[in-house]
Amino acid sequence: MLPFGLLLGAGSIGLLAGLAVPPLGVLAAAGLVLYFLAALTAHLRVHDHNLAPWTLYFTTCAAALVTTIAYH
């Protein structure tokens, strides 16, 4: 679990750093979207269909990606 937490933390820090360096924010947001898509795959493989928390986090990261690209 520690590597996943580190990836999530790095993505969050990358989003904050993206306020100063926009290309870094785009990469961080894209990485987080990929992270949550991988999480969806993992949850579906073990037949865990409680996806309400995943939907909230994925939507937030996808919105960050879209707004970062739109205003870049």
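These legends go with several close-up views of a predicted model.

**View 1. The whole chain is built from three helices and zero strands.** Reading from the N terminus, the elements go α-α-α. If you box up the C-alpha atoms along the principal axes, you get roughly 40 × 25 × 15 Å. The protein chain has 72 residues, and 22% of them count as buried. Its accessible surface adds up to about 5,100 Å², with 78% of that belonging to carbon and sulfur atoms. As for contacts between residues at least 6 apart in sequence, 51% of them link residues at least 24 apart.

**View 2. Met1, Phe4 and Leu7 make a nonpolar patch on the surface.** Together these three residues offer about 400 Å² of accessible area. Met1 sits in the segment before helix H1, which covers residues 2–17. Is Met1 buried or exposed? Met1 counts as exposed, because its relative accessibility is 81% and the cut-off for exposed is over 50%.

**View 3. Leu16 and Gly18, on either side of the end of H1, and their distances to Thr68.** Leu16 belongs to helix H1, while Gly18 is in the loop between H1 and H2. Leu16 is exposed, at 61% relative accessible area. Gly18, in contrast, is buried, because its relative accessible area of 12% falls under the 20% cut-off. Both can be placed against Thr68: the C-alpha of Gly18 is 8.6 Å from that of Thr68, though 50 residues separate them in sequence. For Leu16 and Thr68 the C-alpha distance is 12 Å, across 52 residues of sequence. Leaving out residues up to four places away in sequence, Gly18 touches Leu24 and Gly25.

**View 4. Helix H2 runs for 24 residues.** From its first C-alpha to its last, H2 reaches 35 Å, close to the 34 Å expected at 1.5 Å a residue. Which residues of H2 are buried? They are Gly25, Ala28, Ala29, Leu32, Val33, Phe36, Ala39 and Leu40. The cover over these buried residues includes H1 and H3. Leu34 is also in helix H2, but Leu34 is exposed, with a relative accessible area of 58%. Measuring stick for this view: the C-alpha atoms of Leu34 and Ala10 are 13 Å apart, and the two residues are 24 apart along the chain.

**View 5. Ten residues make up the largest nonpolar core.** The members are Ala29, Leu32, Val33, Phe36, Ala39, Leu40, Trp54, Phe58, Cys61 and Leu65. H2 and H3 each put in at least two residues, and the largest share, six residues, is from H2. Val33 is a handy residue to zoom in on here. Not counting residues up to four places away in sequence, Val33 touches Phe58, Cys61, Ala62 and Leu65. Of those partners, Phe58, Cys61 and Leu65 are listed in the core too.

**View 6. His47 has a positive phi just after H2.** Where does His47 sit? His47 is in the loop between helix H2 (22–45) and helix H3 (52–70). The phi of His47 is about 60°, although this residue is not a glycine. His47 is exposed, because its relative accessible area is 64%, past the cut-off of over 50%.

**View 7. Leu51 shares the loop between H2 and H3.** How exposed is Leu51, and what is its relative accessibility? Leu51 counts as partly exposed, because its 23% relative accessibility lies between the 20% and 50% cut-offs. With residues up to four places away in sequence set aside, Leu51 touches Leu40, His43 and Leu44. Leu40, one of these partners, is among the buried residues of H2 and is a member of the largest nonpolar core. Leu65 is another member of that core. The C-alpha atoms of Leu51 and Leu65 are 21 Å apart, with the two residues 14 apart along the chain.

Key. Residues numbered from 1 in each chain as written. Predicted model: local features only at pLDDT ≥ 70, side-chain atom pairs only at ≥ 80, totals over all residues. Heavy atoms only, no water. Helix = DSSP H or I, 4+ residues; strand = E, 2+ residues; numbered from the N terminus. Buried < 20%, exposed > 50% of the residue type's maximum accessible area, 1.4 Å probe, protein only. Core = buried A, V, L, I, M, F, W, Y, C linked by side-chain atoms within 4.5 Å. Contact = heavy atoms within 4.5 Å. Patch = residues over 30% accessible without salt bridge, like charges linked within 9 Å, V, L, I, M, F, W, Y side chains within 5 Å. Areas by Shrake-Rupley, 256 points an atom, 1.4 Å probe, with all protein chains shown as cover. Salt bridge = Lys/Arg side-chain N within 4 Å of Asp/Glu carboxyl O. Expected span 1.5 Å × (residues − 1).
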